[in-house]
Amino acid sequence: MFTNLLKFILGFALAIAVLCGTGLTVALYFVNRTAITPPKPMYANDNPSNQAKKPKAIPKSQPKTQNTPNPTSSPTSTPTPTESPKSLPPDAYEGTVTWSGGLSMRAEPEANSSSIGGVGANKKVIILEESADKKWQKIRIADTDKEGWVKSGNIQRSQ
């Protein structure tokens, strides 16, 4: 009689352990599935024709207008982007910032480099060069002629 009671208790404990283990496994599976970001959806009002067109390089002989920014006073001293020369490299091209929050411009192609300014969403920029690892792009803001490095993948080529 004692052995039957011991078998029953041991079987019951083993069944509870198996149920708890499988429940925990299923819960962890679904929690990990929610951590994966889904792909960006494509809506009907998105303009896929911009993506299909082949970009053109900006010719060197095209005149470039230079606007001087209005001076503004700020309470804190922040570094400003460096002025760029007027000539463009032969492989430069125009693009538009696609990141909705805008981009932070850096002094060097590194994430921990100092921020020297920013560029807003949908702004026209000129991509001057890419870093050796293709993770950074050196840009010039078209209307201010300021240069800096931004993370690649956030600028779409213009026509």
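This is a short walk through one predicted model, from its overall make-up to its salt bridges.

Some ground rules. The model is predicted, so local features need pLDDT of at least 70 and side-chain atom pairs count only at pLDDT 80 or more, while totals for chains, interfaces and linings use all residues. Residues are numbered from 1 along each chain as its sequence is written, and side-chain values use heavy atoms, with hydrogens and water left out.

Let me start with the overall layout. The chain has two helices and eight strands. Both terms refer to DSSP runs, numbered from the N terminus: H or I of at least four residues for helices, E of at least two for strands. From the N terminus, the order is α-α-β-β-β-β-β-β-β-β.

Now burial. Of the 159 residues in the chain, 21% are buried. Buried means under 20% relative accessible area, exposed means over 50%, and partly exposed is in between, with a 1.4 Å probe and protein chains only. The chain has an accessible surface of about 12100 Å², and carbon and sulfur atoms hold 60% of that. Those areas come from the Shrake-Rupley method with a 1.4 Å probe; for residues, only the protein chains shown count as cover.

On contacts, meaning heavy atoms within 4.5 Å: take those between residues at least 6 apart in sequence. Of these, 58% join residues at least 24 apart.

Next, helix α1. It covers residues 2–34, and Leu-5 sits in it. Leu-5 is partly exposed, at 48% relative accessible area. It belongs to a nonpolar surface patch with Phe-8, Ile-9, Phe-12, Ile-16 and Leu-19. Together they account for about 650 Å² of accessible area. A patch here takes residues with over 30% relative accessible area and no salt bridge; nonpolar side chains (Val, Leu, Ile, Met, Phe, Trp, Tyr) are joined within 5 Å, like charges within 9 Å.

Which aromatic rings pair up? The structure holds two aromatic pairs. Phe-8 and Phe-12 are stacked, because their ring centres are 6.4 Å apart and their planes at 20°. The criteria: rings of Phe, Tyr and Trp (its six-membered ring) pair if their centres lie within 6.5 Å; planes under 30 degrees apart are stacked, over 60 edge-to-face, and the rest tilted. Both Phe-8 and Phe-12 lie in α1, four residues apart, about one turn of the helix. Phe-8 is exposed at 58%, and Phe-12 is exposed at 52%. The other pair is Tyr-29 with Phe-30, edge-to-face, at 5.2 Å between centres and 75° between planes. Tyr-29 is partly exposed at 48%, whereas Phe-30 is exposed at 53%.

On to the core. Which residues make up the largest nonpolar core? There are twelve: Tyr-93, Val-97, Leu-103, Met-105, Ile-116, Val-119, Val-125, Ile-127, Ile-139, Ile-141, Val-150 and Ile-155. Strands β2 (93–97), β3 (103–106), β4 (115–119), β5 (124–130) and β6 (136–141) each supply at least two of them. A core is a set of buried Ala, Val, Leu, Ile, Met, Phe, Trp, Tyr and Cys residues joined through side-chain atoms within 4.5 Å.

Two core members in detail. Tyr-93, in strand β2, is buried at 10%. Its C-alpha is 5.6 Å from that of Ile-126, although the two are 33 residues apart in sequence. Ile-141, leaving aside neighbours within four places in sequence, touches Met-105, Gly-118, Val-119, Lys-124, Val-125 and Lys-146.

Now two backbone points. Most residues other than glycine have a negative phi. Asn-122 has a positive one, about 65°. Asn-122 lies in the loop between β4 and β5, and is exposed at 61%. Lys-134 also has a positive phi, near 65°. Lys-134 is in the loop between β5 and β6, exposed at 55%.

Last, charges. How many salt bridges does the structure hold? Three. The cut-off is a side-chain nitrogen of Lys or Arg within 4 Å of a carboxyl oxygen of Asp or Glu. Lys-134 comes back here: it bridges to Glu-130, with the closest N and O atoms 3.4 Å apart. Glu-130 is partly exposed at 34%.

Glu-147 forms a salt bridge with Lys-138 at 3.5 Å, and with Arg-140 at 3.1 Å. Lys-138, Arg-140 and Glu-147 are thus linked in a network. Glu-147 is buried at 7%, and Arg-140 is buried too.
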